[in-house]
Amino acid sequence: MRNPFIAGALAAFALGGCGSVPKQPLPTVQNVDLPRFMGDWYVIASIPTWIERDAWNAVESYRLDSDGTIATTFTFRKGGFDGPERRMTPRGFVVDRTSNAVWGMQFVWPIKADYRIVWLADDYSQTVIARQKRDYLWIMARTPQISAADLDKRIAYAILLGYDPALIRKVPQRSNGEARH
């Protein structure tokens, strides 16, 4: 293991019983400035849903609408940098108005999937999105690449939250200078 922090987190995960899912609620960030959170986020690593298992150049874009909901556009290339572009447009609903860190993400009416902002850099350059079930996870950044040390720290944090690190996959990213929306 090249990073002692992630090695320690893995050890804690192993000692805590890798098959068990923590019962306590996921901690979220204390406050999300929604207008500042809006914009493009590159998916750096994830425990993907079945739709995004073969995603390359995955970008999640948010726009705060006047009704308080969040217009979301998720785009990616399927199977490679030159693969066909896929686009999904779920709608986000802020569930916890005190922190703005818990959302319901609606892909199909009336179901709203759990979406929690569990870590956010002070400068809003990186974030970790999780779900209470600990089934899916997204490590995202404002840039298509982050340092290996930063990625290790985000993965270590996910492990501490009860995620299985063996399921986390790095998403291939290549910036071509295009604006993403």
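The following conversation walks through a predicted model of one protein, from its overall make-up to single residues.

Visitor: How many helices and strands does the secondary structure of the protein come to?
Guide: In this predicted model, the elements run from the N terminus as α-α-β-β-β-β-β-β-β-β-β-α-β. Two helices thus open the order, and a further helix stands just before the final strand. Counted over the protein, the secondary structure comes to three helices and 10 strands.

Visitor: What percentage of the residues of the protein count as buried?
Guide: A residue is called buried when its relative accessible area is under 20%. The accessible surface of the protein comes to about 9,400 Å², and carbon and sulfur atoms hold 55% of that surface. Among the 181 residues of the protein, the share that counts as buried is 48%.

Visitor: What share of the contacts with a separation of 6 or more comes from residues 24 or more positions apart?
Guide: One example of residues that are distant along the chain is the pair Gln-132 and Pro-25, which are 107 residues apart, while their C-alpha atoms are separated by 6.5 Å. For the protein, among contacts with a separation of 6 or more, the share from residues 24 or more positions apart is 58%.

Visitor: Is Gln-132 buried, partly exposed or exposed?
Guide: Gln-132 has its place in the loop between strand 8, residues 126-130, and strand 9. Buried would require a relative accessible area under 20%, and exposed one over 50%. Because the relative accessibility of Gln-132 is 23%, this residue counts as partly exposed.

Visitor: How many of the residues of strand 9 are buried?
Guide: On one side of strand 9 stand Leu-137, Ile-139 and Ala-141, which are buried. On the other side are Trp-138 and Met-140, and these are buried as well, which leaves both faces covered. The number of buried residues in strand 9 is therefore, with buried meaning under 20% relative accessible area, five of five.

Visitor: Which residue of strand 9 is the bridge partner of Val-43?
Guide: Strand 1, residues 39-47, runs antiparallel to strand 9 and is joined to it by five bridges. Strand 8 also pairs with strand 9 in the antiparallel sense, over five bridges, and there Thr-127 has Met-140 as its bridge partner. For Val-43, the bridge partner in strand 9 is likewise Met-140.

Visitor: Which residue takes a positive phi near 60° in the hairpin of strand 8 and strand 9?
Guide: Strand 8 and strand 9 pair in the antiparallel sense, and their hairpin has six residues between the strands. The residue in this hairpin that takes a positive phi near 60° is Arg-134.

Visitor: Which residue in the turn between strand 3 and strand 4 has a positive phi of about 85°?
Guide: Strand 3, residues 70-78, pairs with strand 4, residues 85-88, in the antiparallel sense over four bridges. Within this pairing, Thr-75 has Arg-87 of strand 4 as its bridge partner. The two strands form a hairpin with six residues between them, and the turn residue with a positive phi of about 85° is Gly-79.

Visitor: Which residue of strand 5 is the bridge partner of Ala-71?
Guide: Strand 3 also pairs with strand 5 in the antiparallel sense, over two bridges. Strand 5, residues 91-94, has a covered face with Gly-92 and Val-94, and an uncovered face with Arg-91 and Phe-93. The bridge partner of Ala-71 belongs to the uncovered face, and is Arg-91.

Visitor: Is Asn-57 buried or exposed?
Guide: Asn-57 has its place in strand 2, and its phi is near 50°, a positive value in a residue other than glycine. Because its relative accessible area is 6%, Asn-57 is buried.

Visitor: What is the relative accessible area of Tyr-124?
Guide: Tyr-124 lies in the loop between strand 7 and strand 8. Although Tyr-124 is not a glycine, it has a positive phi of about 60°. Tyr-124 counts as buried because its relative accessible area is 9%.

Visitor: Which strand supplies the largest share of the lining of the largest pocket?
Guide: The largest pocket has a volume of about 390 Å³. Of its 19 lining residues, the closest to the centre are Thr-49, Glu-52, Met-88, Phe-107 and Trp-138. At least two lining residues come from each of strand 2, strand 6, strand 7 and strand 9. The largest share, three residues, comes from strand 7.

Terms used
Residues numbered from 1 in each chain as written. Predicted model: local features only at pLDDT ≥ 70, side-chain atom pairs only at ≥ 80, totals over all residues. Heavy atoms only, no water. 1 Å grid on protein atoms, 1.4 Å probe; cavity = no way out; pocket = protein on both sides within 12 Å on 5 of 7 lines; lining within 4 Å. Points joined across faces, edges and corners; volume = space filled by probe spheres on them. Buried < 20%, exposed > 50% of the residue type's maximum accessible area, 1.4 Å probe, protein only. Pairing = 2+ DSSP bridges. Contact = heavy atoms within 4.5 Å. Areas by Shrake-Rupley, 256 points an atom, 1.4 Å probe, with all protein chains shown as cover.
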